[in-house]
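Let's take a walk through this one together, starting from the ligand and working outwards. Have the viewer open and follow along.

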Amino acid sequence: MKLIIATIKPFKLEEVREALTDAGVRGMMVTEIKGFGSQSGHTEIYRGAEYAVNFVPKIKLEIVVPATMADQIVETITTTAKTGKIGDGKIFVLDVEQALRVRTGETNEDAL
Ligand SMILES: Nc1ncnc2c1ncn2[C@@H]1O[C@H](COP(=O)(O)OP(=O)(O)OP(=O)(O)O)[C@@H](O)[C@H]1O
Ligand SMILES: [Mg+2]
């Protein structure tokens, strides 16, 4: 299994969620976050130095999928979340060792 962590622009959430369910994703975690990437949020110059003055709101998605689905899901997020303008987000893919559905005791892919 793989954990896909993706940050997206907040207004893209509904479109991405719909594309992901169409692609076979059955569950995900969604968190409102703030962060910065290569623009460091908005920056300003103060006495010759550049400071990050704020963080940009993003939505973070955490999705655990069977490893065989991971590339397709990353592709789905990429095409749906992309506007082509700065701040479209980042996607990270990690290995997952174990999953468990608390109600039934099912494990790993059966628990997804
Ligand atoms: N190295 C990183 N580690 C963890 N999260 C990151 C990292 N870089 C960016 N992020 C996340 O991505 C968001 C910034 O996304 P953003 O799309 O602006 O990245 P970027 O690298 O600046 O790309 P772009 O040039 O398109 O703006 C942050 O809010 C943060 O959630
Ligand atoms: Mg950026």
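Which of the 14 residues around ligand 1 come nearest? They are S38, Q39, G87, G89 and K90. Before going further, keep in mind that you're looking at a predicted model.

Now zoom in on the oxygen atoms of the ligand. One sits 2.6 Å from a polar backbone atom of G89, a residue we've just met among those that come nearest. Next to G89 in the numbering is D88, and here too the backbone is involved: a polar backbone atom of D88 is 3.3 Å from an oxygen atom of ligand 1. With T7 it's the side chain that takes part, with an N or O atom 3.2 Å from a ligand oxygen. As for how much of the ligand is covered, its accessible area on its own is 610 Å², and the protein covers 68% of that.

What's the shell made of, by class? Polar residues number seven, alongside four nonpolar and three charged ones.

Let's step back to the space itself. Ligand 1 takes up the largest pocket, which has a volume of about 430 Å³. The lining runs to 20 residues, and F36, G37, Q39, K58 and G87 are the closest to the centre of the pocket. You'll recognise Q39 and G87, since both also turned up among the residues that come nearest to the ligand. Two strands are worth colouring here: strand 2 (29–35) and strand 5 (56–65), each of which supplies at least two residues of this lining. Sorted by class, the lining has ten polar residues, five nonpolar and five charged.

There's another pocket to look at. The second largest holds about 310 Å³ of space, and 17 residues line it. Nearest its centre you'll find R26, G27, V64, A111 and L112. Which strand gives the largest share of this lining? That's strand 5, with four residues, so keep it coloured: strand 5 also helps line the largest pocket.

The make-up of this second lining is worth setting beside the one before. Here twelve residues are nonpolar, two are polar and three are charged, whereas the largest pocket has ten polar residues in its lining and five nonpolar ones.

Note on methods:
Residues are numbered from 1 along each chain as its sequence is written. Chains are lettered from A and ligands numbered from 1 in the order in which they are written. This is a predicted model: local features need pLDDT of at least 70, side-chain atom pairs count only at pLDDT 80 or more; totals for chains, interfaces and linings use all residues. Side-chain values use heavy atoms; hydrogens and water are left out. A residue is near a molecule or strand if one of its heavy atoms lies within 4 Å of it. A polar contact is a pair of N or O atoms within 3.5 Å; within protein, one must be able to donate a hydrogen and the other to accept it, and residues adjacent in sequence count only if both atoms are side-chain atoms. Accessible areas come from the Shrake-Rupley method with a 1.4 Å probe; for residues, only the protein chains shown count as cover. On a 1 Å grid over the protein atoms alone, a cavity is a set of points where a 1.4 Å probe fits but cannot get out, and a pocket is an open set with protein on both sides within 12 Å along at least five of seven lines; lining residues have an atom within 4 Å of a point. A molecule sits in a cavity or pocket if more than half of its atoms lie within 2 Å of its grid points. Ala, Val, Leu, Ile, Met, Phe, Trp, Tyr, Cys and Pro count as nonpolar, Asp, Glu, Lys and Arg as charged, and the others, Gly among them, as polar. Grid points are joined across faces, edges and corners, and a volume is the space filled by probe spheres set on the points.
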